[in-house]
Amino acid sequence: MQDAAQAVRASIAAGARNADTYNLLGVTLFQAGRAEDARESFERALVLEPEHADALANLAAMPAA
């Protein structure tokens with residue numbers, strides 16, 4: 001999962017700064033055991049697209065901080 005997260009970060013660095021990409025980064029970070037980083041990615045997705053259904057669902061499914 002760390003490799004997947006690095007690949008998504010590379011996409012973001014290359015200009016893919018959209019809600020879908022940040023949501024995907026959040027999913028990969030969560031699966032890699034990095035819940036707080038995942039939460040930040042889901043929140044970033046929601047800044048870009050406040051009604052992003054997947055980011056909203058993923059953030060709601062996260063354990064309380």
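## Negative surface patch

D20, E49, E51 and D54 form a patch of negative charge on the surface. The model is predicted. One member of the patch, E51, sits in the loop that joins α3 to α4. Helix α3 covers residues 35-48, and α4 covers residues 53-61. E51 has a relative accessibility of 65%, so the residue counts as exposed. The cut-off for that label is over 50%.

## H52 in the α3–α4 loop

H52 also belongs to the loop between α3 and α4. Its relative accessible area is 5%, so H52 is classed as buried. Buried here means under 20%. E51, by contrast, is exposed at 65%.

What does H52 touch, not counting residues up to four places away in sequence? The partners are A19, D20, N23 and L46. D20 is thus a contact of H52 and a member of the negative patch. E40 lies 12 residues from H52 along the chain. The C-alpha atoms of H52 and E40 are separated by 15 Å.

## Salt bridges

How many salt bridges does the structure hold? There are 2. One pairs D37 with R34. The closest N and O atoms of D37 and R34 are 2.5 Å apart. D37 has a relative accessible area of 26%, so it is partly exposed. R34 is partly exposed because its relative accessible area is 27%.

The side chains of R39 and E36 form a salt bridge as well, with an N to O distance of 3.7 Å. That falls within the 4 Å limit for a salt bridge. Both R39 and E36 are in helix α3. They are 3 residues apart, about one turn of the helix. Is R39 buried or exposed? R39 is buried, because its relative accessible area is 15%. E36 is partly exposed, with a value of 44%.

## S41 in helix α3

Helix α3 also holds S41. Its relative accessibility is 7%, so S41 counts as buried. Which residues does S41 contact, leaving aside its neighbours within four places in sequence? They are Y22, L25, G26 and L29.

V27 is 14 residues from S41 along the chain. The C-alpha atoms of S41 and V27 are 8.6 Å apart.

## Helix α1: I12 and Q6

Helix α1 runs over residues 2-13 and contains I12. Q6 is found in α1 too. Are these two residues buried or exposed? I12 is buried, because its relative accessible area is 10%. Q6 is exposed, because its relative accessible area is 52%.

Leaving aside neighbours within four places in sequence, I12 is in contact with R17, T21, Y22 and L25. Y22 and L25 are also among the contacts of S41. Helix α1, through I12, and helix α3, through S41, each supply a residue to this set of contacts.

Two C-alpha distances place these residues further. I12 and A64 are 52 residues apart in sequence and 27 Å apart in space. Q6 and N23 are 17 residues apart in sequence and 14 Å apart in space. N23 is itself one of the residues that H52 touches.

Note on methods: Residues are numbered from 1 along each chain as its sequence is written. This is a predicted model: local features need pLDDT of at least 70, side-chain atom pairs count only at pLDDT 80 or more; totals for chains, interfaces and linings use all residues. Side-chain values use heavy atoms; hydrogens and water are left out. Patches are made of residues with over 30% relative accessible area and no salt bridge: like charges are joined within 9 Å, nonpolar side chains (Val, Leu, Ile, Met, Phe, Trp, Tyr) within 5 Å. Accessible areas come from the Shrake-Rupley method with a 1.4 Å probe; for residues, only the protein chains shown count as cover. Lys and Arg count as positive and Asp and Glu as negative; His and the chain ends are not counted. The place of a charge is taken as NZ of Lys, CZ of Arg, CG of Asp or CD of Glu. Helices (H or I, at least four residues) and strands (E, at least two) are DSSP runs, numbered from the N terminus. Buried means under 20% relative accessible area, exposed over 50%, partly exposed in between (1.4 Å probe, protein chains only). Contact means heavy atoms within 4.5 Å.
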